[in-house]
Amino acid sequence: MKMSFRWYGTDDPVTLEKIAQIPGMHSIVTAIYDVPVGQVWPEDKVAALAKAVEAAGLKFDVIESVPVHEDIKLGAGKRDEYIENYCTNIRTLAKYGVKVICYNFMPVFDWLRSDLDYKLEDGSSALIFKQAEVDALNPAESDLSLPGWDASYTMDGLRALLAQYKDVDAEKLWENFAYFLHKIIPVCDEVDMKMAIHPDDPPWPIFGLPRIITGEESYKRMIEIEPSINNGFTICTGSLGADPNNDLPALIRKYGDRAHFIHLRNIKLTGEHCFEEAAHLSEKGSLDMYEIVKAMHDIGFEMYVRPDHGRMIWGEKGRPGYGLFDRALGATYINGLWEAVCKGAK
Ligand code: DNO
């Protein structure tokens with residue numbers, strides 16, 4: 001297992017120097033943030049990013065994310081041009097030592113929560129999801145501010161985009177996804193790049209938009225489309241775990257050879273399609289983090305892992321889910337579980 005940490009670039013208040021002081025840190029997970037979705041990442045920007053990360057004594061080997069343009073998901077407009085650009089980005093990143101690219105195929109919205117600052121009993125705050133509150137929002141009419149959402153959309157742009165999705169159901173989205181995979185996976189095979197799709201978060205349809213990467217059935221179908229080992233997964237325990245039908249240790253045991261990246265975080269299920277993002281510790285949530293890490297150990301997991309969303313603790317203010325303190329606690333907890341599981345197995 002290689003421990004990593006997400007870094008949002010030079011504007012991130014969580015600096016590389018701070019990240020480098022977290023014990024056991026190996027890699028930085030980052031991206032180019034100032035190039036519009038679908039465009040080519042200029043090589044000089046990639047080179048500068050690699051240099052900054054390496055100067056902090058960390059490895060530049062995981063990108064999260066190279067976002068997929070909506071035209072590709074819609075199977076419309078300039079999709080071939082955007083796919084060509086995507087392939088160029090894969091090649092450039094490989095040249096600078098990147099081994100894994102995390103991406104997603106969620107229409108319009110990335111991860112979604114109903115409250116980004118929910119006060120927990122201990123005074124910390126966390127992200128939560130309540131289906132009824134999300135259902136009450138109408139993204140085409142109200143001004144929404146959502147994490148992971150491309151803030152560059154105007155309300156008119158968003159309405160037009162949602163209208164374009166009217167004819168895209170889950171089957172159509174699969175078709176467009178397969179088209180994309182058939183074009184990019186051969187490039188990955190050529191340059192030895194591992195694609196790691198992030199599951200839909202939460203793993204069910206939102207605002208009437210289809211979501212297709214939700215659990216084991218999705219994994220089976222993806223492998224049938226492109227069997228190359230480079231067509232792999234980011235197993236995000238918090239995202240998949242929101243659906244109690246997803247047995248995470250079992251998924252890791254079965255699909256771990258394709259889990260090029262694992263996001264470890266705990267969630268507490270609070271009702272149907274409702275959850276709170278808990279601290280990483282097993283006893284704080286609904287997921288058994290020990291069993292998850294044990295499954296990773298048992299399959300000989302050697303790829304990348306990162307602590308995922310943290311709560312805001314100790315008065316920290318910052319990007320929802322991506323402060324320093326609770327994620328650092330998460331990394332340390334995971335390292336502890338890993339050491340114990342490895343030594344216990346001897
Ligand atoms: C949320 C993240 C996601 C993830 C993308 C991958 O915190 O895990 O936004 O980066 O879905 O493309």
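In these legends, helices are DSSP runs of H or I with at least four residues and strands are DSSP runs of E with at least two, both numbered from the N terminus. The model shown is a predicted one.

**View 1. Eight strands form a closed barrel.** Around the barrel, the strands follow the order β1-β2-β3-β4-β7-β8-β9-β12. Their pairing is parallel. With direction ignored, neighbouring strands are turned by 30° against each other on average.

**View 2. Helices α7 and α8 pack on the barrel sheet.** Helix α7 spans residues 170-191 and touches β4, β7 (194-197) and β8 (231-236). The direction of α7 makes an angle of about 150° with that of β7. Helix α8, made of residues 216-225, also touches β4, β7 and β8. For α8 the angle is given against β8, and it is about 165°.

**View 3. Strand β3 pairs with β4 and is followed by a loop with a cis peptide bond next to it.** Strand β3 covers residues 59-64, and β4 covers residues 100-103. The two strands run parallel and are joined by three bridges. Within this pair, E64 of the chain stands opposite C102 in β4. The peptide bond that leads from E64 to S65 is cis, with an omega near 0°. S65 is placed in the loop between β3 and α3, a helix of residues 70-74.

**View 4. The loop between β7 and α8 contains P202 and F207.** D201 and P202 are joined by a cis peptide bond, for which omega is about -5°. In the loop that holds P202, F207 is also found. F207 is not a glycine, yet its phi is positive, at about 50°. The relative accessibility of F207 is 24%, so this residue counts as partly exposed; the class of partly exposed residues lies between the limits of under 20% for buried and over 50% for exposed.

**View 5. Four strands make up an open sheet.** The order across this sheet is β5-β6-β11-β10, and the pairing is antiparallel. At the edges stand β5 (115-119) and β10 (267-271). Each of these edge strands has a single partner strand, so one side of each is left without a neighbour in the sheet. From one strand to the next, the twist averages 35°.

**View 6. Strands β10 and β11 are paired, with H273 in the loop between them.** Strand β11 consists of residues 274-277 and runs antiparallel to β10. Four bridges join the two strands. In this pairing, K268 stands opposite E276 in β11. H273 lies in the loop that connects β10 with β11. Although H273 is a residue other than glycine, its phi is positive, near 55°. H273 has a relative accessibility of 29% and therefore counts as partly exposed.

**View 7. The second largest pocket has K268 and E276 among its lining residues.** This pocket holds about 290 Å³ of space. Its lining includes Y118, K119, L120, E121 and D122. A278, A279, E283, K284 and R311 also belong to the lining of the second largest pocket. By class, eight of the lining residues are charged, four are nonpolar and none is polar. K268 and E276, which take part in this lining, stand opposite one another where β10 pairs with β11.

Definitions and conventions
Residues numbered from 1 in each chain as written. Predicted model: local features only at pLDDT ≥ 70, side-chain atom pairs only at ≥ 80, totals over all residues. Heavy atoms only, no water. Pairing = 2+ DSSP bridges. Axes fitted to C-alpha atoms, helices over the stretch in contact; angles between N-to-C directions. 1 Å grid on protein atoms, 1.4 Å probe; cavity = no way out; pocket = protein on both sides within 12 Å on 5 of 7 lines; lining within 4 Å. Points joined across faces, edges and corners; volume = space filled by probe spheres on them. Nonpolar A, V, L, I, M, F, W, Y, C, P; charged D, E, K, R; others polar. Contact = heavy atoms within 4.5 Å. Buried < 20%, exposed > 50% of the residue type's maximum accessible area, 1.4 Å probe, protein only.
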